[in-house]
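Visitor: I'd like to understand the reasoning behind the terms people use for a model like this one. Could you take me through it?

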Amino acid sequence: MNFTQQLINGLVLGHSYALIAIGWTVLLGVARLVNFGHGQMYMLGAFVTWFVMSRFGLPYLVAIPIAMAVGIGVGYLMQRTMLQLTIRQDLVSVMIVTLGFGHVLEGVAALFFGSTGQILDTPLSVRDIYIGDIWITWQDIAIIIVAILFFALLKYVVEKTRVGRLVRMVAEDPKLALLAGIDIRKIYLGVFAFEGAAVAIAAALIAPRTPILTSMGFDQVIITFVVVVLGGIGSITGSYVAGIALGLFAAFFGAYVSAAYSTAAMFVFLIVVLVVRPGGLASRPGAH
Amino acid sequence: MRMMTPLSWLIGLGLMLIAPALLGGSGAVYSAFVLIAIFAVMSYGLDVIVSDLGEVSLAHPVFFAAGAYASAIGSSRWGFDPISTLLLAIAAAAIIAAGIGIVTLRMREFVFSLVTYAVTVVGMTLAANWAFLGGSDGITGIPVFNIFGYSALTDRELWPVAWLLLVAALYLVRCFRRSRLGQEAMTVHLNPRLATMSGIDPHRVRIQVFLFSAPITAAAGWLYSYQRAYISADVVDMYFLILMLTAVVLIGRRILLAPLIGVALILCQEKFLSFGGYVDRIILGSVLIVILSFMPRGLAGPAFDMLRWIKRRAKNINT
């Protein structure tokens, strides 16, 4: 087992995890909401990219914005449907509704795309790079670059721009934000649409690494959850660091211990962390 | 439901017992009734968590699976009878519930739900990979349900057992809602601060409700293993979670018969009005979305409003 190869695998995997989780990070940080349909939105993004490329023969760079547009549409529709629940902060119902959306999306995708696995080949995924014993694809390099750029841009927008300030105000106190004249409906709708776009771009970039299945959403939502909670709920930098840490953990655990139990091991680790530090690794000790 | 007298309960439950025979008594009807009873019992476990405690536990498929696996292993490998496997199923679920309860003691809302989701994922991984649980092959060779000389080879013969289990679950949930623990759970749900000021320990209440809830869902898993005679990792499937949640919210929360009616409506659609697996999945998910987003009191809400309106109209006409 080549240590350096595992290190590179872990870094690529880590950036993938962070990229998948970016939409959820904003969702939790801003709206204090969770979306259990996140994994199925990822699956949909991957299948839309595959469908547009294989059926219509459109280039990869055109397929990505189309997948993002579909993601925006789905995110907007989800939030539009449960807007009253969100405004009432009825978190129990919101969680169940998003689970329902995930179930529907999986059914729709299986009906439309079929239940057999597909391979999403892109111009980048078929080009390998060998450095001695080390193997990497251009797709992996694209994942790392896009993840870094996306996180940097997001951090800038949330912390330095007017939109970011509005979003943070709504996160801090929605009622006060409403009194200050902020249209919180637009913010909530915008955040869900952003989540749809972010998860779609993540899917278009990461899905070429493995065969795609309409039932694969379950795994993605789990990883996202671990990244977001370990990173400290709503923390952008925390999610990025947690994503990479988890990627390295998964790569080494899978290579040296057991690939079948790597997800379960992540969860056991998460549960231990949550018991010791309920706010995640990025929080102050004892914080909630 | 408060208006129902013990006699009307007895008549209703008696009618339920003979309902499959009244509906033609075919194998498909008995099969549907047995499954409705099993899945309703499964849902009652979650109902007390969602409706009374006000939390969303996503770990209930694990309790269902714990009951099914405990029963399958106990009966096929160790030769236990159904009473012993039921006790084993309850013990297994109670141990897991105590573990989850302790771990999630200080977590609320989405963190609690996410951790319970994690438990389901771990359960799914274990069920699919652990040789003791049969791995991906599952557990076969579960003997026919046989108790005190009564053997249930078919769903027709299993129906009285499923009915009894359902009656027991209904009775337990009814007693829970009238008990001190049930009232404390509602207080913690509606006003945690008031609960604390009243001397109620929310952590203790949550663990106790969890310990009450998990064995009910596990008991459903116990009977499911005998009904299917084969258990594999698919008992931890997300379908069961969505089914439970939809059944709990479809009619309305804190209505004793609601999960039973909810499960009956869903399974009747899937068994007798099915449009294929994928469309059924879309229907089930859509029902969940529409009910929670636009009818938060469930189907019973508008029905009760209508009844109240009719009563008011009748009163006005009389006066």
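Guide: Gladly! This is a predicted model, and a good place to start is chain B, where residues 24 or more positions apart account for 75% of the contacts with a separation of 6 or more.

Visitor: What makes two residues count as a contact here?

Guide: Their C-beta atoms, placed from the backbone, have to lie within 7 Å.

Visitor: How do you know how confident the predictor is in chain B?

Guide: Chain B averages a pLDDT of 90, and 98% of its residues score at least 70. For the complex, the predictor gives an ipTM of 0.85 and a pTM of 0.85.

Visitor: Why is chain B called as compact as a globular protein of its length?

Guide: Chain B has 13 helices and 2 strands. Its radius of gyration is 20 Å, close to the 20 Å that the globule rule gives for 319 residues, so the description fits. Along the principal axes, its C-alpha atoms fill a box of roughly 70 × 50 × 40 Å.

Visitor: How many of the residues of chain B count as buried?

Guide: Of the 319 residues, 48% do. The cut-off is 20 or more other C-beta atoms within 10 Å of a residue's own.

Visitor: Why is α5(A) called oblique to α10(B)?

Guide: The two helices pack at an angle of about 130°, with their axes 11 Å apart. Angles over 145 degrees count as roughly antiparallel and 65 to 115 as roughly perpendicular, so α5(A) is oblique to α10(B).

Visitor: Which residues make that contact?

Guide: Ile96(A), Leu99(A), Gly100(A) and His103(A) from α5(A) meet Ile242(B), Leu245(B) and Val249(B) from α10(B). The crossing is left-handed.

Conventions: Residues numbered from 1 in each chain as written. Chains lettered and ligands numbered in written order. Predicted model: local features only at pLDDT ≥ 70, side-chain atom pairs only at ≥ 80, totals over all residues. pLDDT = per-residue confidence, 0-100. Helix = DSSP H or I, 4+ residues; strand = E, 2+ residues; numbered from the N terminus. Rg over C-alpha atoms; globule rule 2.2 N^0.38 Å. Buried ≥ 20, exposed ≤ 12 C-beta atoms within 10 Å, placed from the backbone. Axes fitted to C-alpha atoms, helices over the stretch in contact; angles between N-to-C directions. Parallel < 35°, antiparallel > 145°, perpendicular 65-115°, else oblique. Left-handed = near helix turned anticlockwise from the far one by under 90°.
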